[in-house]
Amino acid sequence: MAATRITFNHNGSIRVEGDFELIDGNGEHIDVGGLTRVSLCRCGHSANKPFCDATHKQIGFASMIVAAQTNPPRPKPAT
């Protein structure tokens, strides 16, 4: 198993488990107090972003993520 496991819950949060760190959009470390498991907001309506507070249930957020292959990386342009 990988050091970090990320699970996209149907109609809900993103669950992160294992060895991870969270960094905000300004490059600042988000203190998780040593937790090895957190749920991150996916609906955009949590009052405690980036963490999930289950608001997705109240607003009827719906999103089903199913496994898919990523696109192959684009070749780097020749210099």
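This report walks through the sheet, the loops and a surface patch of the structure above. The model is predicted, so please read every value below as computed from that prediction.

**The sheet**

Let's start with the strands. An open sheet is built from 3 strands in the order β1-β2-β5, with antiparallel pairing. Its edge strands are β1 (4-8) and β5, each of which pairs on one side only. From one strand to the next, the twist averages 15°. As general background, the strands of a sheet pair through backbone hydrogen bonds, either parallel or antiparallel.

Looking at the two pairings in turn, β1 and β2 run antiparallel and are joined by 5 bridges. One place to look in the viewer is I6, whose bridge partner in β2 is V16. On the other side, strand β2 (residues 14-18) pairs with β5 in the antiparallel sense over 4 bridges. Here R15 stands opposite S39 in β5.

R37 is a handy landmark, as it belongs to strand β5 (residues 37-40). Which residues does R37 contact, leaving aside its neighbours within four places in sequence? They are R15, V16, E17 and F20. R37 and C52 are 15 residues apart along the chain, and their C-alpha atoms are separated by 12 Å.

**Backbone points worth a look**

Most residues other than glycine have a negative phi, and most peptide bonds are trans. Two residues with positive phi and one cis peptide bond are therefore worth finding in this model, given that general pattern.

N11 lies in the loop between β1 and β2. The hairpin of these strands has 5 residues between them, and N11 takes its positive phi there. A54 is also a residue other than glycine with a positive phi, and it is found in the loop between β5 and α1. The table puts their values together.

| Residue | Phi | Relative accessible area | State |
|---|---|---|---|
| N11 | near 60° | 31% | partly exposed |
| A54 | near 70° | 27% | partly exposed |

The loop between β5 and α1 also holds P50. The peptide bond from K49 to P50 is cis, with omega near 10°.

**C41 and its surroundings**

C41 lies in the loop between β5 and α1. Is C41 buried or exposed? C41 is buried, because its relative accessible area is 18% and the cut-off for buried is under 20%. Not counting residues up to four places away in sequence, C41 touches S46, P50, F51 and C52. P50, the residue that follows the cis bond from K49, is thus listed among the contacts of C41. Along the chain, C41 and R15 are 26 residues apart, yet their C-alpha atoms are separated by 9.1 Å.

**A nonpolar patch on the surface**

Finally, turn the model to find I6, F8 and I65. These residues form a nonpolar patch on the surface, and together they have about 270 Å² of accessible area. I6 is the residue already met as the bridge partner of V16. I65 comes from elsewhere in the chain, in the segment after α1 (55-59). I65 counts as partly exposed because its relative accessible area is 37%, which falls between the cut-offs of 20% and 50%.

Technical notes
Residues are numbered from 1 along each chain as its sequence is written. This is a predicted model: local features need pLDDT of at least 70, side-chain atom pairs count only at pLDDT 80 or more; totals for chains, interfaces and linings use all residues. Side-chain values use heavy atoms; hydrogens and water are left out. Patches are made of residues with over 30% relative accessible area and no salt bridge: like charges are joined within 9 Å, nonpolar side chains (Val, Leu, Ile, Met, Phe, Trp, Tyr) within 5 Å. Accessible areas come from the Shrake-Rupley method with a 1.4 Å probe; for residues, only the protein chains shown count as cover. A salt bridge is a side-chain nitrogen of Lys or Arg within 4 Å of a carboxyl oxygen of Asp or Glu. Buried means under 20% relative accessible area, exposed over 50%, partly exposed in between (1.4 Å probe, protein chains only). Contact means heavy atoms within 4.5 Å. Two strands pair if DSSP finds at least two bridges between them. Axes are lines fitted to C-alpha atoms, for helices over the stretch in contact, and angles run from 0 to 180 degrees between N-to-C directions.
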